Amino acid sequence: MKDGIYFYGDDHHFNPKWLLLIPAIAVVGALAYLMYEHFNENNEVTTVQQPKEIEEQIPHKRDIELAATENRLNVIDTVINDIKVRLYIPPRDIKPKLRMGYNVINDTSDIILCLAAADAGINDKIIGAYIQDGEIQSTGLSKKGFCAIIEDSTVVGMSENSPMFEQAVNNKGSFFRQRALVDSGRIVENELRGRFLCRALCMKKRQIFAAHCIDNCSLYDFSQLLQDLGIEQAISLQSAKDAKGWYHDNEGKCELIGNWESRKYPKSANFIIWSL
């Protein structure tokens with residue numbers, strides 16, 4: 001035949017022009033395979049990156065909002081590093097005060113937060129330097145941490161010879177010493193071992209507030225917790241079971257802190273309070 005090839009016993013003709021389509025079909029198949037491989041590769045990359053994107057959306061512990069409210073105490077319960085902790089955030093415009101004696105117990109109406117401050121020794125005297133309203137009640141360097149309340153400023157820090165001691169005397173301010181837990185955002189090593197109902201006075205961006213672990217924990221774990229919260233400075237407060245205090249919760253109800261069944265009231269009992 002002129003236009004094709006005739007096979008014996010077959011009534012059909014085979015056109016040789018169809019042979020020209022074989023390379024084109026092979027090219028199309030190769031392109032389809034490459035597109036399939038590229039699609040699978042992209043899907044694998046997306047699958048690997050997805051958990052990372054989700055992780056970045058989880059808020060960091062430092063982002064916990066320490067919001068102060070007007071005319072009342074803001075109480076925040078949270079869990080950090082598997083430790084239950086309660087944060088007490090007073091209004092920013094309320095300056096804390098130091099008070100000695102248990103007469104403050106009879107005046108809970110205006111006091112929104114009261115926590116035992118400096119430690120007392122076996123001789124019923126305050127351990128370390130203590131100044132209240134410009135009057136020196138005790139002297140000595142027992143611990144390097146301190147809190148100074150001078151005029152409209154409250155500072156928590158760590159120093160062996162802080163000039164704020166003299167400033168508190170000269171300006172009728174208050175000053176007491178306690179164990180330092182966090183200094184300039186770093187954990188302070190403490191020799192005290194064991195597990196306690198740890199409490200702390202904290203400073204973050206000039207905001208002063210208190211923290212209290214609900215269950216017993218070590219000072220190191222408590223300091224780690226405060227550091228993870230972004231606390232810049234922190235000193236301990238009395239953490240013994242007999243260290244009493246109270247606060248008014250978010251609804252105004254008075255809640256007790258510490259073991260009030262104990263009637264052990266040392267004469268040197270002292271408190272840091274916030275009152276309306």
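In this predicted model, strand β7, which covers residues 130-132, pairs with β11 in the antiparallel sense over 2 bridges. Within that pairing, Y130 has F176 as its bridge partner in β11. On the other pairing of β11, strand β9 (residues 145-150) is joined to it by 5 bridges, and these two strands also run antiparallel. Two of the residue pairs along β9 and β11 can be named: F146 has R177 as its bridge partner in β11, and A148 stands opposite F175 in β11.

These pairings belong to an open sheet of 5 strands, arranged in the order β8-β7-β11-β9-β10 with antiparallel pairing. The edges of the sheet are formed by β8 (135-138) and β10 (153-158), each of which pairs on one side only. From one strand to the next, the twist averages 20°. As a general matter, the strands of a sheet pair through backbone hydrogen bonds, in either a parallel or an antiparallel arrangement.

Strand β11 itself, residues 174-178, is mostly covered, with 5 of its 5 residues buried. In a regular strand the side chains alternate between the two faces of the sheet. In β11, S174, F176 and Q178 point one way, while F175 and R177 point the other way, and all of them are buried. Read together with the bridges, this means that the residue facing Y130 across the pairing with β7, namely F176, is in the group with S174 and Q178, whereas F175, opposite A148, and R177, the partner of F146, are in the other group.

A second place to look is helix α3, residues 219-228, in which S223 is found. Because 7 of its 10 residues are buried, α3 is largely enclosed by the rest of the structure. The buried residues are L219, F222, S223, L225, L226, Q227 and D228, a list that holds polar as well as apolar side chains. S223 has a relative accessible area of 1% and is therefore buried. Apart from its neighbours within four places in sequence, S223 is in contact with L181, V182 and I187. Just after the helix, G230 takes a positive phi of about 85°.

Further along the chain, Q233 has its place in strand β16, residues 233-236. Its relative accessibility is 10%, so Q233 counts as buried, the cut-off for that term being under 20%. The side chains of Q233 and D183 are joined by a polar contact of 3.0 Å. Not counting residues up to four places away in sequence, Q233 touches V156, G157, M158, V182, D183, S184, L201, C202 and M203. V182 therefore appears in the surroundings of Q233 and also among the contacts of S223, and D183 appears both in the contact list of Q233 and as its polar partner.

Strand β19, residues 270-275, contains N270, which counts as buried because its relative accessibility is 1%. A polar atom of the N270 side chain lies 2.7 Å from the backbone nitrogen of A118. The C-alpha atoms of N270 and M100 are separated by 4.1 Å, although these residues are 170 residues apart along the chain. Leaving aside neighbours within four places in sequence, N270 is in contact with R99, M100, L115, A116, A117, A118, I126, Y130 and Q238. Among these contacts is Y130, the residue of β7 whose bridge partner in β11 is F176.

For the chain as a whole, there are 3 helices and 19 strands, and 41% of the 276 residues count as buried. Among the contacts with a separation of 6 or more, 66% come from residues 24 or more positions apart. The chain exposes about 16,700 Å², of which carbon and sulfur atoms supply 52%.

The confidence of the prediction should be kept in view alongside these values. The pLDDT averages 79 over the chain, and 71% of the residues score at least 70. Over residues 1-14 the pLDDT is below 50, and this stretch has 12 contacts in the model beyond near neighbours in sequence. Over residues 39-60 the pLDDT stays under 50 as well, and there the model has 1 contact beyond four places in sequence. Where pLDDT is low, the predicted coordinates should not be read in detail.

Terms used:
Residues are numbered from 1 along each chain as its sequence is written. This is a predicted model: local features need pLDDT of at least 70, side-chain atom pairs count only at pLDDT 80 or more; totals for chains, interfaces and linings use all residues. Side-chain values use heavy atoms; hydrogens and water are left out. Buried means under 20% relative accessible area, exposed over 50%, partly exposed in between (1.4 Å probe, protein chains only). Helices (H or I, at least four residues) and strands (E, at least two) are DSSP runs, numbered from the N terminus. Two strands pair if DSSP finds at least two bridges between them. Contact means heavy atoms within 4.5 Å. Accessible areas come from the Shrake-Rupley method with a 1.4 Å probe; for residues, only the protein chains shown count as cover. A polar contact is a pair of N or O atoms within 3.5 Å; within protein, one must be able to donate a hydrogen and the other to accept it, and residues adjacent in sequence count only if both atoms are side-chain atoms. pLDDT is the predictor's confidence in each residue, from 0 to 100. Axes are lines fitted to C-alpha atoms, for helices over the stretch in contact, and angles run from 0 to 180 degrees between N-to-C directions.
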